[in-house]
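Open the model in your viewer and keep the selection panel at hand. The tour moves from one selection to the next.

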Amino acid sequence: MRIALIDASFPINTRNQKYIDSLRKNYPDADIKVIAWKRDGIERIIPEYHDVYYSKAAYGNLVVKLLKLKGFYNFIVERLKQFQPDVIIASHWEALLMAPANLKSSPLIIYENLDVPTGPYPIRKLTEILEKRKLRKTNLIVHASRFFKELYPIDIPQIVLENKSQFNFEMKENCIHEPLVFSYIGTVRYRDIFKNFLTACNCFSNIEVKVFGSGQDLNYLKEFAANMKNVSFYGAYNFSQIPSLYESSDVVWAAYPNKDFNVVYAISNKFHESLSCGKPCIYADNTKLGDYVRQHGIGYTVDPYSVDDIKKVISHIIDNKDELAEYKRTITKHKADEKSWDDDFMQIVDFINSNVKYSTK
């Protein structure tokens, strides 16, 4: 069997790498190809199973990206005509728009709905129209968030495959640090909201703030927090270090800009890391995820645009450490009801097996 995964960035994201690893586990004899777009000038090693399109387009610049999609589309069509896949996995809506459906191999098209269309209203509505048209020739939608499904009331098979943690965390029941440690673990971005978080934390001398990760806003925020004595930046980390970073934390900041349409419906990787390690996160209010964690007592919510509201939540956590311990126990119980990534991925395997004829020779 031949499987192609399309990703409009390089390196491909960690979720798509999990896709590749899971496909190889279930189809060890399959020929798997990744078609990706290298949009920066950074030199990197290209895996042999990658076909990479080279054209600069700054990340975060939607206009430039849209202008250059045609070149990437031509590259995709050329490579897929040569490869003739049995299955195409289109990661993100832009990859779906460029996935050709008229190949001789008549491939099964799986839409990996990583993020729903977002941006200014006119652009979002146009993207949604284009996406809807392309979905007519799509065989399966895989949602990266349980909350995306309600946005797609259409007659196409749909499953949910969230980016669940594959780490085996060992939670220590009564491990609460003194002083309390509030951490951020991930790509350092959304500078304005991050500034609100750091500003609020700086009002408390009895907590410690640890920022783990790199990103486009790291240098800016390091300069912004230069005189904040309780804030430390640790830079980039290896994926394997994530368990120890959570172990060194009491609460993790996971509040993103809830004015973004996608953020309202998305589910954070930190949510599943939180479940695995038993450490609660602070999420943005007025989001589906924020409502969910509040209803189940497994996290905190905050208005990320309000320094005063962030201070209020931090003060509440400091004054209610017994509640913090209870949250950890509730999170552990909630984790027991969640299936694993491997269990959920079997839905994709079953769908492929039911719809693709291939030889195991």
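How do the residues of the lining of the second largest pocket divide into nonpolar, polar and charged? Nine are nonpolar, none is polar and four are charged. Bear in mind that this is a predicted model.

**Stop 1: the pocket**

Select E128, E131, K132, L151 and Y152. Of the 13 residues that line the second largest pocket, these lie nearest its centre. The pocket's volume is about 290 Å³. Now colour helix α5, residues 121-135. This helix gives the most to the lining, with six residues.

**Stop 2: the seven-stranded sheet**

Next, show the open sheet built from seven strands. Read across it in the order β3-β2-β1-β4-β5-β6-β7. The pairing is parallel. Select 50-54 for β3 and 158-160 for β7: these are the edge strands, each paired on one side only. Ignoring direction, neighbouring strands here are turned by 20 degrees against each other on average.

Zoom in on β1 (residues 2-7) and β2 (residues 31-38). Six bridges link this parallel pair. Pick I3 and you will find I32 of β2 opposite.

Then add helix α3, residues 69-83. Which strands does α3 touch as it packs on the sheet? The answer is β1, β2, β3 and β4, the last being residues 87-91. The direction of α3 makes about 165 degrees with that of β2.

**Stop 3: the six-stranded sheet**

Move on to the open sheet of six strands. Their order is β10-β9-β8-β11-β12-β13, again with parallel pairing. At the edges sit β10 (231-235) and β13 (300-302), and each pairs on one side only. From one strand to the next, the twist averages 25 degrees.

Select β9, residues 207-212, together with β10. The two run parallel and are joined by four bridges. Which residue of β10 is the bridge partner of V211? It is F233.

**Stop 4: the helix across the second sheet**

Finish with helix α12, residues 307-319. The helix lies across five strands that you can highlight one by one: β8 (180-185), β9, β11 (251-254), β12 (281-284) and β13. Against β13, α12 runs at about 155 degrees.

Definitions and conventions
Residues numbered from 1 in each chain as written. Predicted model: local features only at pLDDT ≥ 70, side-chain atom pairs only at ≥ 80, totals over all residues. Heavy atoms only, no water. Pairing = 2+ DSSP bridges. Axes fitted to C-alpha atoms, helices over the stretch in contact; angles between N-to-C directions. Contact = heavy atoms within 4.5 Å. 1 Å grid on protein atoms, 1.4 Å probe; cavity = no way out; pocket = protein on both sides within 12 Å on 5 of 7 lines; lining within 4 Å. Points joined across faces, edges and corners; volume = space filled by probe spheres on them. Nonpolar A, V, L, I, M, F, W, Y, C, P; charged D, E, K, R; others polar.
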